[in-house]
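Okay, thanks for making time, everyone. I'll put the structure up and then walk you through how the pieces pack.

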Amino acid sequence: ARAPREKPKAEVAPKPRQAPTDEAQRAAAAALARLELKPKGKAPSSSQEAIKNQVRKELMAEAAASEKGLSVEEKEQEEEGAAAPSVSGVYFICPLTGTVVRKDQKEKQLREAIQAYFSVDPVAASIMEIHTFNKDREKVRVCVETMAKYLDNIYLHPEEEKYRKIKLQNKVFQERISCLEGTHKFFQAVGFETKTLPVPGQGKNSTEDFYVLKEEVLSRLEELKGCKEQLLSSEPVRAQLHRQLTLFQPSPAAARFELPHDFFNLTAEELRREQRLRTEAVEKASMLRTRAMREKDEQREMRKYNYTLLRVRFPDGYILQGTFYARESVSVLYNFVREALRDDWLPFELLGPGGLKLTDENLAFNECGLVPSALLSLAWDAAVMADVEAAAEERRSPLRPELLAGAQTLS
């Protein structure tokens, strides 16, 4: 029988169609993802030709799905016996609006939110643009320090007219400031206006464009100083990973995962690299390899993933699920579990696959082998739980009532 497809929670935005320009890359990533997720009982083909055939098949599926207005995932789930994904995708929360969007829409949502914020606070919005949309952090550092110097000169020497003018064709201004996004909006927001002025000593017809501070700004220099400090202290606006916390009722399918394409972040170049590595795998398998060599390969394998889907099974069988960055630390998972408990002070341990205790909370998930998905078990501190149960009139689930009320069936 066909497994029911998991519906996204109400707070999650509908899944957008993939942009046509990304179809080939997404399909290629999907091909590699499926090769990675083949059941262990049957060894995947390591030949380059087999991989190319699989990629070709995915591209054809993408084209067929596009004709019907469906994504590859939706197309596959129409087929008989196709498994529903364990989670509908990777989602993010815009910190400015609280809107939940799919991974490939997060930057667009941030841009729209920051643009809308200009009507509220144009100075803050322009600073957000500078720090968020210029990816080279060193260039941003040099830029904001130079801009701060301009404002400092005005604040410290308000009587000096020369400091209230910035020549737009100045080499330093062009190389450090003008080329970065948001900088011109900042100068306009704090009170500069563009003027064409004559250049002394260059003839009466020689002019250049300047930013000139409006006279009225001189009466509120403390405000200008505050803008400078805000510029220097701000950080990029980052969309927050949506955990998609879900509680499932006890199920024998807890260890079975079907991950959507969002969990795999492979570009076309990375895909070609993986093809090459797989071709070399046969040769490596026949070589005498040291433990250090094997561990190095395992670490490289773990670094492929940006996200991981983790489930924690409680002693009573309930399963708590959440989405995490692959490089987040184990301590984040402990906090995630505590927040789901009725009494967050109850001591517990988390056991990874094979019963290994996760005692070092500073390790990242990909360092523990908990990517791209894993089922863990929760174990209570036996002595403390015995005391708790002895004092309680009746046994009750340790999970929060509102989570229990919304527990879903794991398909």
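**The core and what packs around it**

So, the largest nonpolar core has 55 residues, and F314 and L333 are the ones with the most contacts inside it. By nonpolar core I mean a set of buried Ala, Val, Leu, Ile, Met, Phe, Trp, Tyr and Cys residues joined through side-chain atoms within 4.5 Å. Buried is under 20% relative accessible area, exposed is over 50%, and partly exposed is in between, with a 1.4 Å probe and protein chains only.

Who supplies this core? At least two residues each come from α4 (106-117), α5 (122-133), β7 (246-248), β8 (307-313), β9 (319-325), α12 (330-339), β10 (348-351) and β11 (373-380). Helices here are DSSP runs of H or I with at least four residues, strands are runs of E with at least two, and both are numbered from the N terminus. Domain 1 (91-240) and domain 2 (304-409) both give residues to the core, so it lies between them. Those domain bounds come from an automatic or database domain assignment. There is also a second, separate core of 26 residues, and L168, F173, L221 and L224 are among them.

Before going on, some housekeeping. This is a predicted model, where local features need pLDDT of at least 70 and side-chain atom pairs count only at pLDDT 80 or more, while totals for chains, interfaces and linings use all residues. Residues are numbered from 1 along each chain as its sequence is written, and side-chain values use heavy atoms, with hydrogens and water left out.

Back to L333. Skipping neighbours within four places in sequence, L333 is in contact with L310, V312, F324, L350, F365 and L376, where contact means heavy atoms within 4.5 Å. Its helix, α12, has V330, L333, Y334, F336 and V337 buried. These cover an arc of only 160 degrees around the axis, which puts them on the same side of α12. The arc is taken from the directions from the helix axis to the C-beta atoms. And what covers them? The cover includes β8, β9, β10 and β11.

Staying with β10, that strand holds L351. The C-alpha atoms of L351 and L378 are 6.3 Å apart, although 27 residues separate them along the chain. Outside the four-place window, L351 has contacts with L356, K357, L376, S377 and A379.

In the loop between β10 and β11 you'll find P372, and the peptide bond from V371 to P372 is cis, with omega near -5 degrees. For background, most residues other than glycine have a negative phi, and most peptide bonds are trans. Another one to look at is Q244, which is not a glycine and still has a positive phi of about 55 degrees. Q244 sits in the loop between β6 (240-241) and β7, and it is buried at 5% relative accessible area.

Now over to α8, residues 183-190, where T183, F186, F187 and V190 are buried. Seen down the axis, they fall within an arc of 95 degrees, so they line one face of α8. Right after the helix comes G191, with a positive phi near 125 degrees.

K185 is in α8 as well, but K185 is partly exposed, at 35%. Its contacts beyond four places are Q115, F118, S126 and E129. The K185 and S126 C-alpha atoms are separated by 5.7 Å, with the two positions 59 residues apart along the chain.

So is E129 buried or exposed? E129, in α5, is buried, with a relative accessible area of 4%. Leaving out residues up to four places away, E129 touches I114, Q115, F118, N134, E181, G182 and K185.

Zooming out, the protein has 14 helices and eleven strands, and 40% of its 411 residues count as buried.

Last, how far to trust it. The average pLDDT, the predictor's confidence in each residue from 0 to 100, is 80, and 68% of the residues score at least 70. Residues 1-21 stay under 50, with 38 contacts beyond four places in sequence in the model. Residues 66-81 are also below 50, and that stretch has 33 contacts beyond near neighbours. Where pLDDT is low, the predicted coordinates should not be read in detail.
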